[in-house]
Amino acid sequence: MSAPLSKELRKKYNVRAVPVRKDDEVQVTRGTFKGREGKIIQCYRKKYVIHIDKLTREKANGTTINIGVSPSKVVITKLKLNNDRKSLLERKSRVALDKNKGKYTEQTDAAAAQKASNEKGDKASLAAVD
């Protein structure tokens, strides 16, 4: 269950989204609770929702219950960092820094043509030696 990072955190870590966890601070971006902020108190993986500390409602018999919010409808404003989370951010940002990976450009086309002609020349010289 992942949620996008806020613009400040996205700029700081070069990561777009991370998995949510208890004690992250989030802001709701969609639905009737749009704009409300709070801390995650529970990640309910079976129902694929998160419970936020200030989002509750009262039932008819007077008990208060937490309201489930989809993690895709919130933005993480503050991360609870531990060693695993730091290594995850480092790993993901390393991939994000190499933006030209897999992109096709004229330079790569020229380099590929150069390499192919070199290999063709090598095969011809090997055939001449035999």
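Buried, in these legends, means under 20% relative accessible area. Keep that cut-off in mind for the views below, all taken from a predicted model.

**Figure 1. Asp24 and Arg85 form a salt bridge between a loop and a helix.** Let's begin with Asp24, which has a relative accessible area of 0% and is therefore buried. Its partner is Arg85, and the closest N and O atoms of the two are 2.7 Å apart. Arg85 belongs to helix 2, while Asp24 sits in the loop between strand 2 and strand 3, so the pair links parts of the chain 61 residues apart in sequence. Arg85 has a relative accessibility of 8%, so this residue counts as buried too. As a general reminder, side chains of opposite charge can pair when their charged atoms come close.

**Figure 2. A salt bridge joins Lys80 and Asp23.** The structure holds 2 salt bridges, and this view shows the one between the side chains of Lys80 and Asp23, at 3.4 Å from N to O. Lys80 is in the loop between strand 7 and helix 2, and Asp23 is in the loop between strand 2 (17-19) and strand 3, so the contact ties together parts 57 residues apart in sequence. Lys80 counts as partly exposed, at 33% relative accessibility. Asp23 is partly exposed as well, at 29%.

**Figure 3. The largest nonpolar core has 19 residues.** If you would like landmarks, look for Leu5, Val18, Ile50, Ile52, Val74, Ile76 and Leu79, the residues with the most contacts inside this core. At least two core residues come from each of helix 1 (7-13), strand 3 (25-28), strand 5 (49-58), strand 7 (74-78) and helix 2 (83-97). Strand 5 gives the largest share, with 3 residues. In general, nonpolar side chains of soluble globular proteins tend to be buried together.

**Figure 4. Ile52 and its surroundings.** Setting aside residues up to four places away in sequence, Ile52 touches Val26, Val28, Gly38, Lys39, Ile40, Ile41, Asn66, Val69 and Val74. Ile52 is also among the residues with the most contacts inside the largest nonpolar core.

**Figure 5. Five strands make up an open sheet.** Reading across the sheet, the strand order is 6-5-4-3-7, and the pairing is antiparallel. Strand 6 (64-69) and strand 7 are the edge strands, each pairing on one side only. On average, neighbouring strands of this sheet are turned by 55° against each other, direction ignored. Here is a handy general point for following the side chains: in a regular strand they alternate between the two faces of the sheet.

**Figure 6. Strand 4 pairs with strand 3 and with strand 5.** Strand 3 and strand 4 (residues 37-44) run antiparallel and are joined by 3 bridges. You can find Gln27 opposite Glu37 of strand 4. Between strand 4 and strand 5 there are 4 bridges, again in the antiparallel sense. Cys43 has Ile50 of strand 5 as its bridge partner, and Tyr44 has Val49 of strand 5. Strands 4 and 5 form a hairpin with 4 residues between them, and in the turn Tyr48 has a positive phi of about 55°.

**Figure 7. Gly68 sits in strand 6.** With a relative accessible area of 38%, Gly68 is partly exposed. Residues up to four places away in sequence aside, Gly68 touches Val49, Ile50 and His51. Thr56 is 12 residues from Gly68 in sequence, and their C-alpha atoms are 9.0 Å apart in space.

**Figure 8. Ser6 is in the loop between strand 1 (2-4) and helix 1.** Is Ser6 buried or exposed? Its relative accessible area is 8%, so Ser6 is buried. Apart from neighbours within four places in sequence, Ser6 is in contact with Val75, Ile76 and Thr77.

**Figure 9. The protein chain has 3 helices and 7 strands.** To place the close-ups in context, the elements run β-α-β-β-β-β-β-β-α-α from the N terminus on. The protein chain has 130 residues, of which 22% count as buried. Of the contacts between residues at least 6 apart in sequence, 47% join residues at least 24 apart. The protein chain exposes about 9800 Å², with carbon and sulfur atoms supplying 49% of it.

Note on methods: Residues are numbered from 1 along each chain as its sequence is written. This is a predicted model: local features need pLDDT of at least 70, side-chain atom pairs count only at pLDDT 80 or more; totals for chains, interfaces and linings use all residues. Side-chain values use heavy atoms; hydrogens and water are left out. A nonpolar core is a set of buried Ala, Val, Leu, Ile, Met, Phe, Trp, Tyr and Cys residues joined through side-chain atoms within 4.5 Å. Buried means under 20% relative accessible area, exposed over 50%, partly exposed in between (1.4 Å probe, protein chains only). Contact means heavy atoms within 4.5 Å. Two strands pair if DSSP finds at least two bridges between them. Axes are lines fitted to C-alpha atoms, for helices over the stretch in contact, and angles run from 0 to 180 degrees between N-to-C directions. A salt bridge is a side-chain nitrogen of Lys or Arg within 4 Å of a carboxyl oxygen of Asp or Glu. Accessible areas come from the Shrake-Rupley method with a 1.4 Å probe; for residues, only the protein chains shown count as cover.
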